[in-house]
Amino acid sequence: MSNIPEKWLHPALFINGKFQEAKNGRRYSVTNPANGEVVGSAPSASPEDAEAAIHAAYRAFKPWAGLAAPERAQILRKFYEEIVAHQEDLAQLITAEEGKPLSEARGEAAIGAEYVAWYAEEARRVYGETVPGVSASQRILVLRQPVGVVGAITPWNFPVSMVTRKMAPALAAGCSVVLKPAEKTPLCALALADLGERAGLPPGVFNVITAEDPEPLGRVLLDDPRVRKLSFTGSTEVGKYLIRESAAQVKKLSMELGGNAPTLVFADADIDVAVAGVIASKFRNAGQTCICLNRVLVEASILGEFGRRLAAAVSQLQVGDGTKPGIDVGPLINAEGLAKVQSQVDDAVGYGAILACGGKRIGDQRGHFYAPTVLLNVTPQMAIMHEETFGPVAPVIGFHDEAEAISMANDTVYGLASYVFTQDIARVFRVSEQLEYGIVGVNDPVPTVVQAPFGGVKESGFGREGGHWGMDPFLETKYVSIRI
Ligand code: ADP
């Protein structure tokens with residue numbers, strides 16, 4: 001049974017510290033991807049609401065930035081405590097609107113809270129520098145100051161932790177935030193606003209606007225010169241659009257975009273660890289994370305055995321409604337997600353791939369479930385080898401030596417996460433250094449932790465979130481030269 005508070009199911013927009021309906025009075029339904037039932041509803045804000053949110057954030061910015069760092073830290077710490085106190089309700093809400101199994105949703109709520117705790121501490125460590133001057137009379141100070149109003153745009157696949165990973169460092173740095181969460185998962189973001197209000201965030205410091213159509217709100221964030229920074233996580237396509245459109249005002253940007261993560265399994269790997277790792281990386285959130293492995297590259301001498309063991313393990317995964325016990329893989333987010341996965345599988349099979357397991361939708365038409373799938377005999381021309389999959393499908397392809405593996409791994413426009421399974425320490429260094437990726441997980445299929453820098457290279461984006469690196473995107477560097 002769900003314990004989700006009723007007010008989290010039909011929330012209002014959160015602007016200037018007040019919950020308020022959209023000016024046009026519109027709302028839209030939020031549905032559960034496991035069964036198509038309506039979970040609740042969210043306001044469909046208009047551009048006017050977005051302007052009001054920016055106005056509130058702009059007014060709140062200077063007083064918030066002017067607080068002593070420990071004062072901001074204390075409020076963020078209370079925010080963390082509120083999230084922890086409501087962690088189970090948040091987990092239930094994540095599963096209801098996004099679909100991931102409750103065990104994963106609990107993990108997300110926990111790491112979501114941890115980002116806030118981490119940045120509450122990091123707020124105190126925004127250090128400047130002094131630099132020796134060019135003459136005896138010059139003193140050089142380097143100050144770090146908050147950039148101003150931040151527009152944050154977040155995806156649906158981690159509706160709590162993607163919000164806190166941006167909001168917490170922004171607030172810690174002294175910025176104010178206008179958050180536009182994904183239209184499919186507005187409820188978690190507004191629940192976080194409720195918890196922020198309870199924690200005593202001053203009005204206007206954190207605003208949340210939701211809408212069924214993101215484009216008009218995005219337009220306001222792009223066009224308003226008071227928004228000095230956009231922090232975006234989502235598709236490469238929308239990221240490129242935001243990069244182009246923000247050029248007019250030279251806004252600061254952080255872009256965490258798509259991926260096409262390779263996993264390199266060498267013959268010297270512990271095969272049990274590699275099989276378990278591939279499953280953890282690929283089938284978490286039904287394959288809908290930007291760091292999910294997309295391609296499994298296996299050394300030729302173990303290819304047959306690895307494929308058999310992987311398929312045997314994947315066929316055991318339990319698929320179903322994430323609120324039920326023992327479920328490993330939940331639904332895909334919607335019908336389009338399902339159709340894209342099916343088309344990649346059909347394309348691969350059309351080119352001669354062998355379906356070792358899965359390969360089809362399961363359950364009735366109301367839930368968007370796809371059977372965990374392993375494809376063998378995969379070749380480079382198949383779409384699944386170069387497009388992001390975002391579904392529970394593991395394509396397996398062979399390689400002959402380390403150089404070929406690295407070249408295949410880097411043969412993509414993306415560069416977010418990559419994985420390596422090996423027990424050879426020299427190879428760990430060689431391969432990690434040559435992979436053109438922002439993240440390398442060595443015998444580690446789930447590398448996301450709050451203290452490490454998360455982000456990509458190439459078309460996977462720029463900027464890092466997490467650890468002390470996660471503060472940098474919200475800080476400007478000012479140089480003060482003093483003659484005495
Ligand atoms: P996905 O395909 O995984 O839903 P998107 O890139 O479409 O990824 O969505 C990521 C975030 O970007 C969501 O919050 C979505 O609402 C937002 N978004 C999508 N299109 C636009 C746009 N034109 N302007 C601003 N935000 C957008």
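**Exercise 1.** In this predicted model, work out how many residues of helix 4 are buried and what that says about its surroundings.

*Solution.* Start with the cut-off: a residue is buried when its relative accessible area is under 20%. Now go along helix 4: Asp89, Leu90, Ala91, Gln92, Leu93, Ile94, Thr95, Ala96, Glu97 and Glu98 pass that test. That's 10 of the 12 residues, so helix 4 is largely enclosed by the rest of the structure. Next, look for what does the covering: the elements include helix 1 (6-9), strand 3 (27-31), strand 4 (38-43), helix 3 (69-85), helix 5 (102-122) and helix 7 (186-198).

**Exercise 2.** Check what end-to-end span helix 4 should have, and see what comes just after it.

*Solution.* Helix 4 covers residues 87-98, and at 1.5 Å a residue its 12 residues should span 16 Å. Then take the C-alpha atoms at its ends: they sit 16 Å apart, which agrees. Step just past helix 4 and you hit glycine 99, with a positive phi of about 105°.

**Exercise 3.** Describe how helix 3 and helix 5 pack, from their axes down to the residues in contact.

*Solution.* Axes come first: those of helix 3 and helix 5 come within 8 Å and cross at roughly 165°. Angles over 145 degrees count as roughly antiparallel, so that's how these two helices run relative to each other. The crossing is left-handed. On the helix 3 side, the contact is made by Ala73, Leu76, Arg77, Phe79, Tyr80, Ile83 and Val84. Helix 5 brings Ala109, Ala113, Glu114, Val116, Ala117, Tyr119, Ala120 and Glu121. Sort them by class and you get 12 nonpolar, no polar and three charged residues.

Note on methods
Residues numbered from 1 in each chain as written. Predicted model: local features only at pLDDT ≥ 70, side-chain atom pairs only at ≥ 80, totals over all residues. Heavy atoms only, no water. Helix = DSSP H or I, 4+ residues; strand = E, 2+ residues; numbered from the N terminus. Expected span 1.5 Å × (residues − 1). Buried < 20%, exposed > 50% of the residue type's maximum accessible area, 1.4 Å probe, protein only. Contact = heavy atoms within 4.5 Å. Axes fitted to C-alpha atoms, helices over the stretch in contact; angles between N-to-C directions. Parallel < 35°, antiparallel > 145°, perpendicular 65-115°, else oblique. Left-handed = near helix turned anticlockwise from the far one by under 90°. Nonpolar A, V, L, I, M, F, W, Y, C, P; charged D, E, K, R; others polar.
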